[in-house]
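User: Hi, I'm new to this one and would like to walk through it with you. Could you put it up so that we can both look at it?

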Amino acid sequence: MGRVSSRWSTASASTNTTVCGSATAKTDASSYSTRTGTTSKSGPTSRGRIRSTSIPWRTSSTSPSSSIASRSRRSMVRRSRSGAAARRATSPASSWDGRTASGSTARAACTSARCTRRTKSSSTAACSRMDQPRYLLGLDVGGTKIAAVVADGPGDILAKIRRPTPAALGPDAIVAEMTDMLTEVAGAVEIGPLDAAALGVSFGGPYDPVRGVVRDIPNLPDWGGVPLLRLLSDALPGVALAIDNDANAAALAEWRFGAGQGAEHMLYLTMGTGIGGGIVSDGRLYRGLRNAGGEVGHTVLVPDGAECGCGHRGCLEAYASGPAIARRAIEKLEAGEGVEFADALRDAGIALLELKTESIVEAARDGVTFAMDHLADTAFYMGWGIANAVSILAPEVVVLGTVATAAGDMFMEPLRRRVVDMAMPGVGDATRVEPAGLGDLVGDYAAIALAVDALAP
Ligand SMILES: [Zn+2]
């Protein structure tokens with residue numbers, strides 16, 4: 001669910017890189033900004049190899065742009081899972097090729113009490129992993145960057161690499177790049193990718209988790225119908241696998257590792273290129289028909305209002321997404337409001353039509369009245385949309401990413417008041433509205449959250 005196609009047209013936030021587990025977590029949570037990460041090369045030391053399939057896997061094992069990033073998130077991510085995690089279950093079984101709707105392969109668990117790996121064999125003797133620690137692999141696949149991570153069993157990320165997405169080369173090349181990156185990142189903890197217990201893939205485009213295939217992507221026409229689940233499960237036999245779109249995966253990550261921890265019912269929304277999000281209900285992702293549940297961004301607030309990318313008018317997304325925030329500000333400035341701010345932009349050499357939401361947030365943080373007022377107006381719309389969702393879902397917590405985390409209390413406080421004022425009495429004031437907890441790391445943990453899901457009973 002969620003508007004995920006935006007990820008294919010925007011650069012992913014990058015990460016700094018270090019080696020050997022020193023914490024390098026970024027504090028800036030603005031994932032709508034474009035960044036360039038530092039890189040350091042580290043050769044793979046993997047013991048295992050990914051099995052070839054009919055796909056012409058690329059065999060190169062190195063990339064000049066790859067990097068290894070070892071990090072600890074203990075300082076920024078709270079660690080306390082309630083019984084909710086234990087009660088979680090994978091999505092209902094689908095009719096597609098024996099996989100579950102979440103993309104997990106249906107394989108029996110190894111019978112050894114010391115081994116959590118799933119294998120096609122139920123024989124302990126056939127499982128070579130019973131004395132090995134459990135590792136989880138993750139892929140965060142975007143239109144411009146792919147990140148591969150390896151985590152320990154509880155989900156602490158141990159290493160990360162990033163490479164550009166070879167988008168122009170088509171799906172075969174991209175899938176080959178994915179598997180090559182898994183080999184490299186698994187090597188950072190001295191395992192092969194086939195030794196991992198599970199792989200989670202957060203896919204930055206429309207994905208059908210029931211059929212296990214990618215839906216049409218407007219600017220990547222070759223991807224429509226690609227059976228990503230089958231390709232990856234063929235490449236990693238015995239490794240539990242879960243794939244979902246990045247909005248659902250991010251919701252799962254915030255619920256499992258971020259600001260939604262401990263909640264049974266959570267709504268996650270991110271105010272990026274679009275307003276994407278996901279719903280966790282009773283400790284599970286709520287997907288809805290066609291995996292399209294939770295499209296809060298396309299609930300209509302203003303009849304015959306601003307045009308939305310979905311083709312309708314007056315949607316929340318047309319007022320509170322990153323581009324919509326900038327557009328509304330430009331309209332105000334063109335109408336003569338915010339003269340001082342307009343002058344400052346001109347002095348800085350920024351054309352009005354090039355104004356970005358990042359600049360508005362920065363100006364608001366610097367105390368520029370026009371920018372602060374504009375964020376308050378945006379909080380009005382966003383709070384309105386959230387209030388409607390709260391009245392329907394009654395979540396314990398609403399977690400907001402991107403603009404909300406970048407702007408802080410000047411945005412969150414008026415938004416919270418709006419939710420209380422407009423949501424159903426008795427629910428709005430009981431629902432917490434919190435900024436996302438994972439910041440720029442959400443993509444990494446989105447993939448790992450899916451990997452954890454793939455192992456759920
Ligand atoms: Zn819409």
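User: Let me start with a single residue: is Cys308 buried or exposed?

Analyst: Before anything else, please keep in mind that this is a predicted model. In it, Cys308 has a relative accessible area of 5%, so it counts as buried, the cut-off being under 20%.

User: And what does Cys308 coordinate, together with which other residues?

Analyst: Cys308 is one of the residues that coordinate the zinc ion through SG, and the others are His298 through ND1, Cys310 through SG and Cys315 through SG, at 2.1 to 2.4 Å. Along the chain these donors follow the spacing H-x9-C-x1-C-x4-C. His298 and Cys308 are 10 residues apart, and both belong to the loop between strand S10 (284-286) and helix H5 (317-320).

User: Why is the arrangement around the zinc ion called tetrahedral?

Analyst: The 4 donor atoms subtend angles of 102 to 127° around the zinc ion, and that makes the arrangement tetrahedral. For reference, the ideal angle for four tetrahedral donors is 109.5 degrees.

User: How about Cys315, is that one buried or exposed?

Analyst: Cys315 is buried as well, because its relative accessible area is 0%.

User: With those cysteines in mind, how many disulfides are there?

Analyst: The count comes to 0 disulfides, taking a disulfide as a pair of cysteine sulfur atoms within 2.5 Å.

User: Staying in that loop, what stands out about the backbone of Asp304?

Analyst: Asp304 has a positive phi of about 55° although it is not a glycine. Asp304 is placed in the loop between S10 and H5, and at 71% relative accessibility it counts as exposed.

User: Where is Glu190, and what is its phi?

Analyst: Glu190 sits in the loop between helix H2 (171-187) and strand S4 (198-203), and although it is not a glycine, its phi is positive, at about 60°. With a relative accessible area of 58%, Glu190 is exposed.

User: Switching to strands now, how many residues of S8 are buried?

Analyst: Strand S8, which covers residues 266-271, is mostly covered, with 6 of its 6 residues buried. Met266, Tyr268 and Thr270 point one way from the strand, while Leu267, Leu269 and Met271 point the other way, and all of them are buried.

User: Which strands does S8 pair with, and in what sense?

Analyst: S8 is joined by 6 bridges to strand S9 (residues 275-281), and these two run antiparallel. They form a hairpin with 3 residues between them. S8 also pairs with strand S11 (residues 397-402), this time in the parallel sense and over 6 bridges.

User: What stands opposite Tyr268 in those strands?

Analyst: In S9, the residue opposite Tyr268 is Gly278, and in S11, Tyr268 stands opposite Val399.

User: One last topic: where does Arg163 lie, and is it buried or exposed?

Analyst: Arg163 lies in strand S3, which spans residues 157-164, and it is buried, since its relative accessible area is 1%.

User: What does the side chain of Arg163 make a polar contact with?

Analyst: The side chain of Arg163 makes that polar contact with the side chain of Glu177, at 3.4 Å.

Methods. Residues numbered from 1 in each chain as written. Predicted model: local features only at pLDDT ≥ 70, side-chain atom pairs only at ≥ 80, totals over all residues. Heavy atoms only, no water. Donors = N, O, S within 2.8 Å, 3.2 Å for Na, K, Ca; no water. Tetrahedral: all angles 85-135°; square planar, octahedral: opposite > 155°, others 65-115°. Helix = DSSP H or I, 4+ residues; strand = E, 2+ residues; numbered from the N terminus. Buried < 20%, exposed > 50% of the residue type's maximum accessible area, 1.4 Å probe, protein only. Pairing = 2+ DSSP bridges. Polar contact = N/O pair within 3.5 Å; in protein donor to acceptor, adjacent residues only side chain to side chain.
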